Amino acid sequence: MAFTLQLGDQAPNFNLLSVDGKYYGLKNFEDAKVLVVFFTSNSCPFVVGSDEVTRQTVLKYAPQGVSFIAINANSANTKPDDSYEKMVERIQQHRFPWVYVHDADQTAALAYGALRTPHFFVFDQDRQLIYTGRGVDNPREADKITSNDLERALDDHIAGREVQTPLTNPLGCNVKWEGQDKNWIPAEACDLILTTN
């Protein structure tokens, strides 16, 4: 059985605490035509390098009925910069236009099969997975981006076309799993060929 959600899979539900003090699950996005769930962190250079690109994507597609929720599932014991308190500080500093929630016990990360930060999952109106993988081809250095795979997938779907490239390798830092070395990846996660630094 694959570690990561497969195309066509249903979005797993969750109930996670946001930096605004509220809890969010799939029901909070019932009106969204498309839901983008992405796993992120506060300090991964691949996230920091592409956050402003992601901001522009959110601002571009939110008016078209696309909702975005970012999940930080990194163990704060392994990576103290990813504590809930640090999440609140970061969102207050940068005012990102997405819901930002804390997956403290990593149940959402396991349910989705999150591999990297960032790692994007795009669901249609029926909450079936239509795209998963990277946002862009060079998330660490935004000035060297040549392909925005997330936007291409959204464009295809919104236009009523089949997503031409529905699966890409997520590029980024490993999810920091509780009780494991910071570079550890679950053995069953080797269902994708991964690139890492």
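A disulfide is defined here as a pair of cysteine sulfur atoms within 2.5 Å. A search of the whole structure finds one such pair. It joins Cys-44 to Cys-173, with an S to S distance of 2.2 Å. The torsion about the S-S bond of Cys-44 and Cys-173 is about 90°, so this disulfide is right-handed. The link spans distant parts of the chain, its two cysteines being 129 residues apart. Cys-44 sits in the loop between strand E3 (34-40) and helix H1 (45-61), whereas Cys-173 belongs to strand E9 (residues 173-174). Helices (H or I, at least four residues) and strands (E, at least two) are DSSP runs, numbered from the N terminus. Both Cys-44 and Cys-173 are buried. Buried means under 20% relative accessible area, exposed means over 50%, and partly exposed lies in between (1.4 Å probe, protein chains only).

The model is predicted: local features need pLDDT of at least 70, side-chain atom pairs count only at pLDDT 80 or more, and totals for chains, interfaces and linings use all residues. Residues are numbered from 1 along each chain as its sequence is written, and side-chain values use heavy atoms, with hydrogens and water left out.

Strand E3 was examined next. Seven of the seven residues of E3 are buried, so the strand is largely enclosed by the rest of the structure. Both of its faces are covered. Val-34, Val-36, Phe-38 and Thr-40 are buried on one side. Leu-35, Val-37 and Phe-39 are buried on the other. E3 also pairs with two strands, E4 and E7. Pairing requires that DSSP find at least two bridges between the strands. E3 and E4 run parallel and are joined by seven bridges. Within this pair, Val-34 stands opposite Val-66 of E4. E3 and strand E7 (residues 119-123) are antiparallel, with five bridges. Here Leu-35 has Phe-123 of E7 as its bridge partner. E3, H1 and E4 together form a right-handed β-α-β unit. A crossover is right-handed if, with the strands pointing away from the viewer, the path from the first strand over the helix to the second runs clockwise.

Nonpolar packing was then traced. A nonpolar core is a set of buried Ala, Val, Leu, Ile, Met, Phe, Trp, Tyr and Cys residues joined through side-chain atoms within 4.5 Å. The largest core has 27 residues. Those with the most contacts inside it are Val-37, Phe-39, Ile-69, Tyr-112, Phe-121 and Phe-123. E3, E4, strand E5 (99-102), helix H3 (107-112) and E7 each give two or more residues to this core. Another core, of 24 residues, lies apart from it. Val-19, Val-66, Phe-68 and Tyr-131 are among its members. For Phe-123, contacts (heavy atoms within 4.5 Å) were listed without neighbours within four places in sequence. They include Leu-5, Val-34, Leu-35, Val-37, Tyr-112 and Ile-130.

Several backbone features stand out. Most residues other than glycine have a negative phi, and most peptide bonds are trans. Arg-95 is not a glycine, yet has a positive phi of about 55°. Arg-95 lies in the loop between H2 and E5 and counts as exposed at 62% relative accessibility. Gln-106 likewise has a positive phi, near 65°. Gln-106 occupies the loop between E5 and H3, but at 7% relative accessibility counts as buried. The peptide bond from Thr-117 to Pro-118 is cis, with omega near 0°. Pro-118 is placed in the loop between strand E6 (116-117) and E7.

Asp-51 lies 9.4 Å from Pro-118, C-alpha to C-alpha, although the two are 67 residues apart in sequence. Asp-51 is part of helix H1 and is buried at 4% relative accessibility. Beyond neighbours within four places in sequence, Asp-51 is in contact with Arg-90, Phe-96 and Trp-98.

Ser-75 is found in the loop between strand E4 (66-72) and helix H2 (84-94). Ser-75 is buried, with a relative accessible area of 4%. A polar atom of its side chain lies 3.2 Å from the backbone nitrogen of Asn-77. With residues up to four places away in sequence left out, Ser-75 touches Gln-106, Lys-176, Trp-177 and Glu-178.

Conventions
Polar contact = N/O pair within 3.5 Å; in protein donor to acceptor, adjacent residues only side chain to side chain.
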